[in-house]
Amino acid sequence: MKEGEEAEIDRLPMDLLAHIFVFITCFKDLAQTRSVCKKWREGVKQSMGRREKLSFAGWKMDDESTCRLVRYAYGLKELDISKSRWGCQITDNGLYQLSTAKCIVNLSSISLWGMTGITDKGVVQLISRANSLQHLNIGGTFITDESVFAIAASCPHLKSVVLWGCRHVTENGLVVLVNKCPKLMTINVWGMRVPFDFFLTLLTIRPALQIVPQSILNMETIPLLPVF
């Protein structure tokens, strides 16, 4: 390339550039790509709008950085902000900010697995706008019936929910959830403080409901690891 001549990649139309950037999944790489020039910064922004899946699991993210990326991803269908060893540190404030993103009303799947920094206040705010939700993983959190009531009231299309280890959710919350979510097919109740025989009550309400782990219904030993 001659001095002063435009690089080949810079001749690409913005639409094609954004399409290429969609294949970058590492957020560190995206940040570096975004800093190259004004055109690439716009390309990264547009590429976020084309993503249908976004996972922050394993990434060290906070409220501000997570919400900024989700706001750009207006076409998002699946959002995973699960916590791992070095993962997301989202708070109620982050969930509140996420609830204002355009994509939230169209999300079909949300995972808040292990997010111990969130409470009913943030979950209710987020879930109240996630009216298209079909799959929800909120296991390993400290939510109570208040969040479950919000899920039941706001998610009529819910098909599966993971409540693994949600020990503050009671029988009342589960009954309301099963009654108000007509499409609910699977519910993970591992580690909850609910009497075993109560799950038979849920089956009288919804005979086709799959309760995970199935060993609960047989009064057998519960597996040591969660089943999704």
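This is a short talk on the overall make-up of one protein model, its charged residues, one enclosed helix and a few single residues.

Please keep in mind that the model is predicted. I will start with the whole chain and then go to details.

The protein has 228 residues, and 44% of them are buried. Its secondary structure consists of 9 helices and 7 strands. The exposed area is about 11,800 Å², with 55% of that supplied by carbon and sulfur atoms. As for contacts, take those between residues at least 6 apart in sequence: 70% of these join residues at least 24 apart.

Now the charges. In general, side chains of opposite charge can pair when their charged atoms come close. How many salt bridges does the count give here? The count comes to 2 salt bridges.

One of them is between D15 and R50, where the closest N and O atoms are 2.3 Å apart. This pair links distant parts of the chain, with the two positions 35 residues apart in sequence numbering. D15 sits in helix α1, residues 14-21, while R50 is in the loop between α3 and β1. R50 has a relative accessible area of 32%, so it is classed as partly exposed.

The other salt bridge joins E64 to R68, and here the closest N and O atoms are 4.0 Å apart. Both residues belong to helix α4, which covers residues 63-72. Because they are 4 residues apart in that helix, about one helical turn separates them. Is E64 buried or exposed? E64 is exposed, because its relative accessibility is 57%. Its partner R68, at 39%, is partly exposed.

Staying with charge, there is also a positive patch on the surface. Which residues form it? They are R34, K38, R41 and K45. Helix α3, residues 38-48, gives the largest share of the patch, with 3 residues. R41 is in helix α3, and its relative accessibility is 33%, so R41 counts as partly exposed.

Another lysine to look at is K28, which lies in helix α2, residues 27-34. K28 has a relative accessible area of 56% and is therefore exposed. From K28 to W59 there are 31 residues in sequence, and their C-alpha atoms are 9.7 Å apart in space.

Next, helix α7, which runs over residues 145-154. Why can this helix be called largely enclosed by the rest of the structure? Because 7 of its 10 residues are buried. The buried ones are D145, S147, V148, A150, I151, A152 and S154. What do they pack against? They pack against helix α6 (120-127), strand β4 (135-137) and helix α8 (171-180).

F149 is also in helix α7, but F149 is partly exposed because its relative accessibility is 37%. Leaving out residues up to four places away in sequence, F149 touches N172, G173 and V176.

N172 gives the view from the other side of that contact. It is placed in helix α8. N172 counts as exposed, because its relative accessibility is 55%. With the same neighbours in sequence left out, up to four places away, N172 touches D145 and F149. The C-alpha atoms of F149 and N172 are 9.2 Å apart, and the two residues are 23 apart along the chain.

For a buried residue in a strand, take S111. S111 is part of strand β3, residues 109-111. At 11% relative accessibility it falls under the 20% cut-off, so S111 counts as buried. Which residues is S111 in contact with, leaving aside neighbours within four places in sequence? They are L79, D80, I81, S82 and N137.

The last item concerns the backbone. In general, most peptide bonds are trans. Here, a cis peptide bond joins V212 and P213, with omega at about -5°. P213 lies in the segment after β7, and that strand covers 210-212.

To recap three places to look at on the model: the salt bridge between D15 and R50, the enclosed helix α7, and the cis bond between V212 and P213. That is the end of the talk.

How values were computed:
Residues are numbered from 1 along each chain as its sequence is written. This is a predicted model: local features need pLDDT of at least 70, side-chain atom pairs count only at pLDDT 80 or more; totals for chains, interfaces and linings use all residues. Side-chain values use heavy atoms; hydrogens and water are left out. Patches are made of residues with over 30% relative accessible area and no salt bridge: like charges are joined within 9 Å, nonpolar side chains (Val, Leu, Ile, Met, Phe, Trp, Tyr) within 5 Å. Accessible areas come from the Shrake-Rupley method with a 1.4 Å probe; for residues, only the protein chains shown count as cover. A salt bridge is a side-chain nitrogen of Lys or Arg within 4 Å of a carboxyl oxygen of Asp or Glu. Lys and Arg count as positive and Asp and Glu as negative; His and the chain ends are not counted. The place of a charge is taken as NZ of Lys, CZ of Arg, CG of Asp or CD of Glu. Buried means under 20% relative accessible area, exposed over 50%, partly exposed in between (1.4 Å probe, protein chains only). Contact means heavy atoms within 4.5 Å.
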